[in-house]
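Work through the following exercises with the model open beside you. Each task is followed by a solution that proceeds step by step.

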Amino acid sequence: MKMDIAFGQYCEGNSLLHRLDPRVKIIITILYIVAIFMAKNVFAFALMLAFTVALVIMSRLSVRVILGGLKPIMFIALFTAVINIFFYKGDEPLVAFWVIKIYKEGLINAGLIVLRILMLLTATSMFLTYTTTPIALTDGLEQLLSPLSKIGVPVHDFAMMMTIALRFIPTLIEETEKIMNAQKARGADFSSGGLVKRAKAIVPIIIPLFVSAFRRAGDLATAMECRCYTGGKGRTRMNVLRAGARDFLFTFVIIALGAGVILINIYAPGYSV
Amino acid sequence: MAELELSGVNYIYNKGTPYETHALKDINLKIGGGITGIIGHTGSGKSTLVQMFNGLVKPTSGTVKLDGEDIWEKKDRVREARFKAGLVMQYPEYQLFASTVYEDIAFGPRNMGLSEEEVDKRVRAAAAFSKLPPEAMARSPFDLSGGQKRRVALAGVIAMNPAFLVLDEPAAGLDPGGRRSILGGIKEFGKNSGTSVIIVSHSMEDMASYCDRIIVMASGRVIMDGNCSEVFSRYNELIGVGLDVPQVTRIASALSHRGLDIGRDVYTVGYAAGKLCEMLDGDVK
């Protein structure tokens with residue numbers, strides 16, 4: 001079994017998107033999501049599409065990587081499209097066959113919804129995963145949420161937990177592959193038999209994996225304590241985040257995008273979702 | 001005698017991506033009988049090579065034959081290969097999972113579809129190798145010491161009665177006493193059962209003391225193949241690929257430079273000691 005973790009992986013680079021402040025990236029991602037859900041008609045979608053394509057170009061990532069990242073969502077997108085095509089009611093059916101009636105509005109609606117799903121995934125992964133290291137992301141999140149620590153929310157601890165969890169995903173995947181190979185060498189069979197048999201076959205993988213995860217957790221805790229880790233209090237940072245001109249500019253562009261979408265919704269009525 | 005034959009084997013990782021690596025290049029090998037050592041620097045392809053033997057990794061090109069049969073020719077033959085060429089991976093104690101030592105050792109034989117009687121026989125025979133007292137069979141493998149855990153993991157593979165016992169760094173992370181006892185145990189097992197043993201290691205000392213034949217790998221190729229004296233006499237080439245000769249061989253060579261010639265074919269400490277005693281007329285003894 002080969003595990004595909006292309007989706008959600010950081011891609012090395014030095015584009016404008018890579019250099020944006022992670023805090024700004026989190027904020028603009030939220031704004032982008034709001035904008036894409038406000039978009040109501042074809043023209044608003046065209047604007048969003050243009051912006052998303054511009055993002056892809058700006059990131060200087062290969063299109064293959066981005067399309068590969070969309071693969072896991074393809075099924076949901078297609079499923080939604082089919083539902084919309086068959087169940088959307090319009091004025092006049094384009095095709096009427098037995099109980100199936102397909103309307104022009106249904107087709108457009110399906111297209112827009114699929115587009116929305118794909119753009120949503122592309123843009124969010126573009127901001128948050130492809131161009132941002134997990135460490136930068138959790139740092140940004142921690143600082144954005146830091147006001148909450150005033151009311152007693154352990155923001156630093158959550159951020160640290162998230163960093164550690166992300167850090168160990170590749171390690172655990174590698175470990176799983178090793179254990180699987182070891183059990184296969186003893187004749188374990190993961191790919192045949194019924195559901196119960198397959199579920200049982202997982203036991204020899206899960207147990208050693210848990211044991212090693214606990215061992216690693218213990219080792220890590222000891223190592224952190226050896227370096228005098230006592231939580232977030234009084235901790236200084238090597239890389240202090242500073243929002244610069246480009247960060248403000250980008251935020252402005254996203255706000256303008258949102259405003260554009262609202263204006264189009266009001267003044268340019270078209271096929272709406 | 002069982003025979004393992006690799007012909008024209010190539011293996012390429014991540015083909016077609018920027019991370020493409022040619023891990024094995026045109027490997028032609030015939031192994032059968034005795035104890036064969038495979039040495040090589042990190043990344044020389046030795047671990048990939050041993051995973052070819054039992055069909056864990058499928059060669060990009062070339063054939064792997066066990067007793068004359070291509071293991072990739074038919075679908076169920078790969079599974080047979082797993083039982084014929086028992087592979088003990090690095091740090092095998094991390095794959096223990098069952099609630100008792102007995103159950104863990106029985107995992108392999110049960111996967112072979114043997115009767116409970118036969119499984120029981122094999123587990124007990126293999127447990128004799130791990131030198132655990134009979135009452136320990138009902139204990140959890142997680143309660144054992146590190147060295148004992150490794151023996152249990154080894155017993156789990158031995159219980160499958162493989163024609164080949166393939167071990168990837170069986171002594172890694174053990175102290176000198178643990179090394180000697182595990183490697184000595186393996187050597188004895190091979191001799192008594194007639195199993196062909198293949199050991200991967202990068203310890204020249206272990207290779208010299210336990211192996212009849214040594215295969216040297218460097219950047220995916222077999223660059224040397226022969227007995228201890230054939231391999232260790234090519235000192236400069238070994239250094240060139242980041243390997244070494246046993247320490248005692250270097251000492252012997254330094255001694256001969258200073259006029260005390262105990263020969264160049266000194267590979268184990270015991271042999272060197274004997275030779276020196278002989279030369280010093282047994283005074284030291």
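**Exercise 1.** In this predicted model, determine where Lys131(B) is placed, and state whether Lys131(B) is buried or exposed.

*Solution.* Begin with the chain segment: Lys131(B) sits in the loop of chain B that runs between α4 (116-130) and α5 (146-158). Next, take the backbone torsion, where phi of Lys131(B) is near 50°, a positive value in a residue other than glycine. Finally, turn to accessibility: with a relative accessible area of 60%, Lys131(B) is exposed, since exposed means over 50%.

**Exercise 2.** Carry out the corresponding analysis for Arg60(A), giving the loop that holds Arg60(A) and the value of phi.

*Solution.* The loop in question joins α3 (42-59) and α4 (63-87) of chain A, and Arg60(A) lies in that loop. Phi of Arg60(A) is near 55°, which is a positive value in a residue other than glycine. The relative accessible area of Arg60(A) is 66%, so Arg60(A) is exposed.

**Exercise 3.** Describe how helices α7 and α8 of chain A are oriented with respect to each other, and classify the residues of their contact.

*Solution.* Start with the geometry: the axes of α7 (residues 155-185) and α8 (residues 195-226) of chain A come within 10 Å and cross at roughly 140°. The two helices α7(A) and α8(A) are therefore oblique to each other, and their crossing is right-handed. On the α7(A) side, the residues that make the contact include Met160(A), Ile164(A), Phe168(A) and Leu172(A), while those on the α8(A) side include Pro204(A), Ile205(A), Pro208(A) and Leu209(A). Sorted by class, the residues of the contact of α7(A) with α8(A) comprise 13 nonpolar, four polar and three charged.

**Exercise 4.** Repeat the orientation analysis for helices α2 and α9 of chain A, and then locate Gly258(A) within that picture.

*Solution.* The axes of α2 (residues 22-38) and α9 (residues 245-267) of chain A come within 9 Å and cross at roughly 10°. That angle makes α2(A) roughly parallel to α9(A), because angles under 35 degrees count as roughly parallel. Among the residues that meet are Val24(A), Ile28(A), Leu31(A), Ala35(A) and Met38(A) in α2(A), and Phe250(A), Ile254(A), Gly258(A) and Val261(A) in α9(A). By class, the contact of α2(A) with α9(A) has 12 nonpolar, three polar and one charged residues.

Gly258(A) is found in helix α9 of chain A, and at a relative accessible area of 11% Gly258(A) is buried. When neighbours within four places in sequence are left aside, Gly258(A) is in contact with Ala35(A) and Met38(A), both of which belong to α2(A).

**Exercise 5.** Identify the residues that Phe97(B) contacts, leaving aside its neighbours within four places in sequence, and establish whether Phe97(B) is buried or exposed.

*Solution.* Phe97(B) lies in the loop between β6 (85-88) and α3 (101-111) of chain B. With neighbours within four places set aside, Phe97(B) is in contact with Gln183(A), Arg186(A), Val203(A), Pro204(A), Ile207(A) and Pro208(A) of chain A, and with Asp104(B), Phe107(B) and Phe142(B) of chain B. Of these partners, Gln183(A), Pro204(A) and Pro208(A) also take part in the contact of α7(A) with α8(A). At 11% relative accessibility, Phe97(B) counts as buried, since buried means under 20%.

**Exercise 6.** Characterise chain A and chain B by their elements and by the radius of gyration of each.

*Solution.* Take chain B to begin with: chain B has 11 helices and 10 strands. The radius of gyration of chain B is 20 Å, close to the 19 Å that the globule rule gives for 285 residues, so chain B is as compact as a globular protein of that length. Buried residues make up 49% of the 285 residues in chain B.

Chain A, in turn, has nine helices and two strands, with elements that run α-α-α-α-β-β-α-α-α-α-α from the N terminus on. The radius of gyration of chain A is 24 Å, whereas a compact globule of 273 residues would have one near 19 Å. Of the 273 residues of chain A, 36% count as buried.

Technical notes
Residues are numbered from 1 along each chain as its sequence is written. Chains are lettered from A and ligands numbered from 1 in the order in which they are written. This is a predicted model: local features need pLDDT of at least 70, side-chain atom pairs count only at pLDDT 80 or more; totals for chains, interfaces and linings use all residues. Side-chain values use heavy atoms; hydrogens and water are left out. Axes are lines fitted to C-alpha atoms, for helices over the stretch in contact, and angles run from 0 to 180 degrees between N-to-C directions. Helices (H or I, at least four residues) and strands (E, at least two) are DSSP runs, numbered from the N terminus. Angles under 35 degrees count as roughly parallel, over 145 as roughly antiparallel, 65 to 115 as roughly perpendicular and the rest as oblique. A crossing is left-handed if the near helix is turned anticlockwise from the far one by less than a right angle, and right-handed if clockwise. Contact means heavy atoms within 4.5 Å. Ala, Val, Leu, Ile, Met, Phe, Trp, Tyr, Cys and Pro count as nonpolar, Asp, Glu, Lys and Arg as charged, and the others, Gly among them, as polar. Buried means under 20% relative accessible area, exposed over 50%, partly exposed in between (1.4 Å probe, protein chains only). The radius of gyration is taken over C-alpha atoms; the globule rule is 2.2 Å times the number of residues to the power 0.38.
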